[in-house]
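Biologist: Could you take a close look at one part of this for me, the spot where helices from the two chains meet? Then walk me outward from there, please.

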Amino acid sequence: MTLLAFMILAALAVSGFLLNRSAALAIQAGGTRTHSLAYFHGLYALLSVLVPVFVVICVYLVLKTPVINGMVIGGLPDGVLDDMSAGQVDLVLATIQSITRGQTFGTPPDWQLAAAERLTSLYAGADLLMVVVVAALSAVILFFVRRQVAAEFRARQAAERIVHGLMVACSLVAILTTVGIVFALVYEAYRFFEMVPVMDFLFGTRWEPQIPIRADQVAAVGAFGWLPVILGTVVIGTVAMLIATPIGLLTAIYLNEFAPKSVRAVVKPVLEILSGVPTVVYGFFAILVVAPALRGTGADLGIAVSSNTALAAGGVMGIMLIPFISSFADDALTAVPRSLRDGSLALGATRGETMLKVLFPAAIPGIVGGILLAVSRAIGETMIVVMAAGLIARMTINPLDSVTTVTVQIVTLLIGDTAFDNPKTLAAFALGLMLFILTLGINILALRIVRKYREIYD
Amino acid sequence: MADITNSGTGGPRKSSLTESSAKIAKRKRADLILQGFGIGAILTAFTVLFILVASLVSTGYTAFVQTHVTLQVFVDPAEVAEERLPRGGFQEVLTASLLSNLPDADPESDARAVRNILSNGAQFYLRDRIVANPSLIGQTISITVPVSDPFDQLNKGNVDRATPEAQRRVNDREIGWFDALDTAGMIATPLNWGLITNADSRFPELAGLRGALVGTFWALLTCFLISFPIGIGAAIYLEEFAPKNKLSDFIEVNINNLAAVPSVVFGLLALAVFLNWFGLPRSAPFVGGLTLALMTMPTIIIATRAALKAVPPSIREAALGVGASKQQVVFGHVLPLAMPGILTGTIIGLAQALGETAPLLLIGMNAFITSAASSPFDASTALPTQIFIWADSPERGFVSRTSAAILVLLGFLVLMNGMAIYLRNKFERRW
């Protein structure tokens, strides 16, 4: 049905284009000069039909399911939904929906069958209504637009105004996305903090989100203190940065000052490959090669290494970040004015001395900015740690131990079916909010440092 | 003169540029050491990259072939009757054929063990053939079916026959049977098309990437259809039309920040907004594509703006000079010239989206689904989430499948990036 609506819309929009263009051509054939080219008369009709009706269809598609579900639930006979939690109501709705697909388990009660029938008829009715509305609305717009065709009508300006509006709308999508992220995180986190006090979350040292799902289930009470989780993130991030920073910086120094052009031409793209490899591949690499190797080495040395040690996840993450840091440092070193370099060399300093004592200190702000951006990446990196790091949150800074991270907890809490009414699910959004704030803060700081440093030499 | 010639012997002296001294040697050594460290760092990175690729290839290449056994099967009418199709004792028929080739196996007590040589899905191969052509009942037909994972691993040499029997997944008798089939010429290891044409399965020898490839296709298509027009529209507005005001600055800052938001946060957005509020279906590639579109958009916007900026102002001025409107200039002249750069950026953005996993996990694209999606609204997996699922599976056969799936993913990435580089080299214009 939706496809039909789109087809009707496309057909009417195109016919509007042809209709208005031929009308304008007819005026021109009559010897009158039109203000705009006939093509713009057609384009104006096309856009006038297409844009509003397309919006109508999209709004319909977004609202259809929630509105109809609400109507079905609201129309259930009195009493059946008494004493039900939101999750149970969802379950009833899911049962009714599966009945409409012909999947029944046993004999459902009559009220469910009736509701299923109502659901089916509502859907069919809504779709039919939508197609009729689309056709009628398009036709009405077409009618009015056709009447506007005249020699004096400024069709080009009118069409360009619509295109301009569309472009503005496109750029507002970026703002909408940010607003969506912030609103979704804040709203769900707020609901979480209604169940778990903010102080418990921020300063608690126990993270045990396995709360009972049924009332009579034997399980831990659940504790939502994020300190062990963020500590684990810090441990893994530190390991990653300890590997990525020296290797990345040395690579940049060599490439920038010493490497012949031919070497540079080979090394740079190969390093880019490292950053182009999807993180799920790194995660598999960590569990397939790195973690067993570390455990084997540990066993040889007589050190107990956990099977998902922070070293494996952090180390592999460090490898991933090498090209990130090296390219940032390379750019920062290149941006140092040539006069500084030439001056140093002219005084008799070797190239190494020039690099370490002149160029590197001058480039420090840019390099620090790059490292900060890498830190923000390390904190937000998900797949490597989901696959290679642990699940249990511990207050430890020993990198040989298994630790967990913010992103691991978000994914494990939300994987599988989720209900939005228990703290276990909502805790993921609280963690997500903290992650968002943290990475955003680091990014803004890093960009500010980089920008300030650029101004010095400009 | 005397001073200079004597300078080697007495008093503190200043170093000379022309004479080598211990101090200069030391400084040069320091230079070399720094260079050595740099080369060492690069070599470290290269070594890791090499190990990464080598480990994937060495574990993954075996999954590109699959051990099959070719059986002469008598389709016994007592087991398979036309009127009961598609039900029937296909497994029994296959087992009987195997037993007839293994004289030392007892038809009663060993039937189960012998049957386990074949993949659990072997019976469906036979069933599909008989259902398609019921006249085969009562005849002896030749059919090639995959063997089960332990024997597949045995054939590929992943089972060390020297290890004690108790620690192997196949015992000595089973190895004997398999060798007997092998010497009879019934075992073959052809190219494993099932890896591409089969959907996911619990049995590694049957599991394939079809569902994942289809899901990824729908998701990337959705992502492209949404992010490409919106990204270009936003870029054109910001680059060519936007007034210099607070709103434009705010949009710019927003786009740059979005590019740095962790991918898992986009997953949270999709879960809360698309699934929970809008009620879009779980695990659907459409929702995945929508989420990926939001992540790809900043890349496309940034690439498009760079491409628009690279078009020289003389083009704009010439078009304006002959009376074109501002929009006619942009859409008729600047945009076509910038298209190669825009397409390059878009392909690179889509290649990034292809490898994204975390947001897809949160919207449930890691479900176990044994059929390919027929529309973008059906539940499906995607290539990276399929890798994640297989990497989590305990069976030995899934290790090589995971590596093989990764090699397929990397192959697509190389292809897309190669295409982007080709486009850039072919159409890039220097003004």
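**Where the helices cross**

Modeller: Sure, bearing in mind that this is a predicted model. Start with helix α12 of chain A (residues 351–380) and helix α2 of chain B (residues 22–60): their axes come within 8 Å and cross at roughly 70°. Angles of 65 to 115 degrees count as roughly perpendicular, so that is what α12(A) and α2(B) are to each other. On the chain A side, the contact is made by A:R351, A:G352, A:E353, A:M355 and A:L356 of α12(A), while α2(B) brings B:R27, B:D31 and B:L34. Sort the residues of that contact by character and you get four charged, three nonpolar and one polar.

Now for a residue that touches both chains. A:N443 sits in helix α15 of chain A, which covers residues 423–457. Is A:N443 buried or exposed? Its relative accessibility is 3%, so A:N443 counts as buried. If you set aside the neighbours within four places in sequence, A:N443 is in contact with A:L373 and A:S376, plus B:A260 from the other chain.

Next, a helix pair inside chain B. Helix α10 (residues 246–258) and helix α12 (residues 285–310) of chain B pack with their axes 9 Å apart, at an angle of about 120°. That angle makes α10(B) oblique to α12(B). As for handedness, α10(B) passes α12(B) in a left-handed crossing. From α10(B), the residues making the contact are B:E252, B:I255, B:N256 and B:L258, and they meet B:P298, B:I301, B:I302 and B:R305 of α12(B). The tally for the contact of α10(B) with α12(B) is five nonpolar, two charged and one polar.

Last, the cysteines. How many disulfides does the structure hold over all chains? Zero. A disulfide needs a pair of cysteine sulfur atoms within 2.5 Å, and two examples show how that plays out. For A:C170, the closest cysteine sulfur is in A:C58, 13 Å away, so the two are too far apart for a bond. A:C170 is also buried, with a relative accessible area of 17%. For B:C223, the closest cysteine sulfur belongs to A:C170, across in the other chain, but at 15 Å that is too far for a bond. B:C223 is buried as well, with a relative accessible area of 0%.

How values were computed: Residues numbered from 1 in each chain as written. Chains lettered and ligands numbered in written order. Predicted model: local features only at pLDDT ≥ 70, side-chain atom pairs only at ≥ 80, totals over all residues. Heavy atoms only, no water. Axes fitted to C-alpha atoms, helices over the stretch in contact; angles between N-to-C directions. Helix = DSSP H or I, 4+ residues; strand = E, 2+ residues; numbered from the N terminus. Parallel < 35°, antiparallel > 145°, perpendicular 65-115°, else oblique. Left-handed = near helix turned anticlockwise from the far one by under 90°. Contact = heavy atoms within 4.5 Å. Nonpolar A, V, L, I, M, F, W, Y, C, P; charged D, E, K, R; others polar. Buried < 20%, exposed > 50% of the residue type's maximum accessible area, 1.4 Å probe, protein only.
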